[in-house]
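Visitor: Please give me a close look at the interior of this protein. I would like one connected account, starting from the outside and working inwards.

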Amino acid sequence: MTTERGFLGVTPPISSGESSEREKEVTATLMEELRRQNTFESVDEARNREIVLGRVAAVVKKFVRQVSLSRGLSEAAANAAGGKIFTFGSYRLGVHGPSSDIDTLCVVPKHVSREDFFEIFEPMLKEVEGASEVSGVPEAFVPVIGAKISGIPLDFLMARLALSSIPDDLTLKDDNLLRNLDERCVRSLNGSRVNDEILRLVPNVHVYRDSLRCIKLWAQRRAIYSNVNGFLGGVAWAILVARICQLYPNAIAGAIVSRFFIIMYQWSWPQPVLLKQIEEGPLQVRVWNPKLYPADRSHRMPIITPAYPAMCATHNVTASTQMIITEEFKKGADIVDKVIVGTASWSELFTKHDFFHKYRYYLQVIASTGDPDLQIKWSGTVESRLRQLVMKLEYVDSLILAHPFIKGFEQISHCISDDEVRQVAQGEVSDAVRKRPKAELEGIEGASTVYSTTFYIGLSIEPKQPGSVGPRRLDISYPTTEFTKLVKMWEKYDEAKMGIVVRNIKSSGLPDYVFDEGERQPKQNLKRPKTGKGSSKSSNTSPDMPNKKRKSEPDPSENSIPGLSFSAMSSGDSNGVFPSNLKSAAVDIKSPQLPFGENVTVATGSVGAQ
């Protein structure tokens, strides 16, 4: 689909030329590498997904029918009420892999409520053959139920339309379907509508899918694929790749990937990335508009969804995560440039991140409970607020960067004493606890199981200035205290059942579980940090017994933790990959360039921001 002007997008293409022979060669090797990296699912796996989706579609109709009958509708009306599922995300875009989840939208008629979704549909899901890990999060920005069915992870969203029945041939393209819906339903519908619009706005869907599959794998390996943690999520990456495809409508995947890194590295943020002009529509809802809304002006890397109502897919990006993403664009551009000239292979682009080798100091954020179902919700709540901690850390003097890792690490610890429970909740898991099977708890009074999820934030600290004397203090007590207050404001927070701990840790004290086997370098005289001796202080010490205190001498660092006191680093010390001033340092780095005759300003000119 091209516009009246003869091209897709908000600007003309940079180049409409065909790809070169060399670009065809590197595209072939790229596809070989993607297959080697196991990014494609097998025929049997694809069939299993279809079977699961068939089961889910039947459950949605059964759910709508049951609610319809409870509302007093006749048998005939209840059977006609319908209910339909739409997929979105990587599955809908055709770039899912063997372990990808399926984002599933359940569209229901007007007499089915969101409460019904969580109170009736969620229990019905638990009864589906092969279902496990079913857990609803009704208070999420987009309310969701997570589940696994026959080993396939699914996320279920619900949208209630202002219709008395949902026909099987319903499509979601008509903007008028959004009339009289609450904001949560509009947001839920947005995922499916956005995916459909993206596929409509790219010149070649096959090339788009191959290119996006590459960029998704790269972003995941480099640990920058996470909307909730301030990086870019699936929708944002999908829109970025679609924009490059618009700028090179006749290029193949290798050429698209090459241009992707160069153009994204040079992009004039906060100019937005748009696939089409922002449109007004029939609703009294907010459409992204930085001229009108101060919050929209604050978006650092605005990537705008193409379906009405236009929204920013990257409102979570912070100063730190933008620096990290930009640096990764530069690294990616350098590697692909070497691939094109034949001095590197595609596998180098997909090298695993070095997050746990990059910094000298880290923060651990530990969420813990005594119940597995509660832990899913509590750890999810803590993770959704980590970005607030990062933003507060960015204001701390001497801290260049706060780098959140994109996932938490889950542990199950079987404890035989209150003291062990407290230690686990504070991140101290002894070898005895780590190796203890659940069976050993039987018959032991006071024994319990602790479920914990630990999140990490890398801290890049300014080198000590020449001539300065004595140790420096890096005080992060305010950000960490405010963060713990924030998570405890969750309406379901229960101090008796939930623990939240923020503590600092040196790289030498990182636990083995954050490394792959054989990845960790041997360490000399490594001693595990001891709780209560200056390495940490919990904001809440135990999921089961939060109000009990250790009977020990007062902690000498009581007033400084969760602040840190670091010894000074000499200017030659490496404290991460980022220099103290990334922008000024970037001046000395040769910027990756497009091939001769291609001008990036065609894409980044002011026309794109209209």
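Guide: An accessible area is calculated by the Shrake-Rupley method with a 1.4 Å probe. The model here is a predicted one, and its protein chain exposes about 27,700 Å². Carbon and sulfur atoms supply 50% of that exposed area.

Now go inwards. A residue counts as buried when its relative accessible area is under 20%. Of the 610 residues in the protein chain, 53% are buried. The chain's secondary structure consists of 19 helices and 13 strands. Among contacts with a separation of 6 or more, 76% join residues 24 or more positions apart.

In soluble globular proteins, nonpolar side chains tend to be buried together. The largest nonpolar core in this model has 85 residues. The members that touch the most other members are Tyr208, Trp218, Trp237, Phe260 and Phe329. Several elements each supply at least two residues of this core: the helices α1 (21–36), α6 (183–201), α7 (205–221), α8 (234–247), α9 (253–266), α11 (319–341) and α12 (355–358), and the strand β7 (399–404). Another core, of 29 residues, lies apart from this one, and its members include Val56, Val64, Cys106 and Val112.

Phe329 makes a useful example from the largest core. Leaving aside residues up to four places away in sequence, Phe329 touches Trp218, Trp237, Leu240, Phe260, Phe261, Met264, Tyr265 and Met301. Two of these partners, Trp237 and Phe260, are also among the members with the most contacts to others in the core.

That leaves the empty space. Rolling a probe the size of a water molecule over the atoms shows where such space is left. In the whole structure, the search finds two cavities of 30 Å³ or more.

The largest cavity has a volume of about 70 Å³. Its lining is made up of Leu274, Leu275, Lys276, Gln277, Ile278, Glu279, Ile304, Thr305, Pro306, Ala307, Tyr308 and Ala310. Eight of these lining residues are nonpolar, two are polar and two are charged.

The second largest cavity has a volume of about 50 Å³. Around it are Arg222, Ala223, Ile324, Glu328, His353, Asp354, Phe355, Lys358 and His403. Here the lining divides into three nonpolar, two polar and four charged residues. Helices α11 and α12 each supply at least two residues of this lining, and both also supply at least two residues each to the largest nonpolar core.

Conventions
Residues numbered from 1 in each chain as written. Predicted model: local features only at pLDDT ≥ 70, side-chain atom pairs only at ≥ 80, totals over all residues. Heavy atoms only, no water. Core = buried A, V, L, I, M, F, W, Y, C linked by side-chain atoms within 4.5 Å. Buried < 20%, exposed > 50% of the residue type's maximum accessible area, 1.4 Å probe, protein only. Helix = DSSP H or I, 4+ residues; strand = E, 2+ residues; numbered from the N terminus. Contact = heavy atoms within 4.5 Å. 1 Å grid on protein atoms, 1.4 Å probe; cavity = no way out; pocket = protein on both sides within 12 Å on 5 of 7 lines; lining within 4 Å. Points joined across faces, edges and corners; volume = space filled by probe spheres on them. Nonpolar A, V, L, I, M, F, W, Y, C, P; charged D, E, K, R; others polar.
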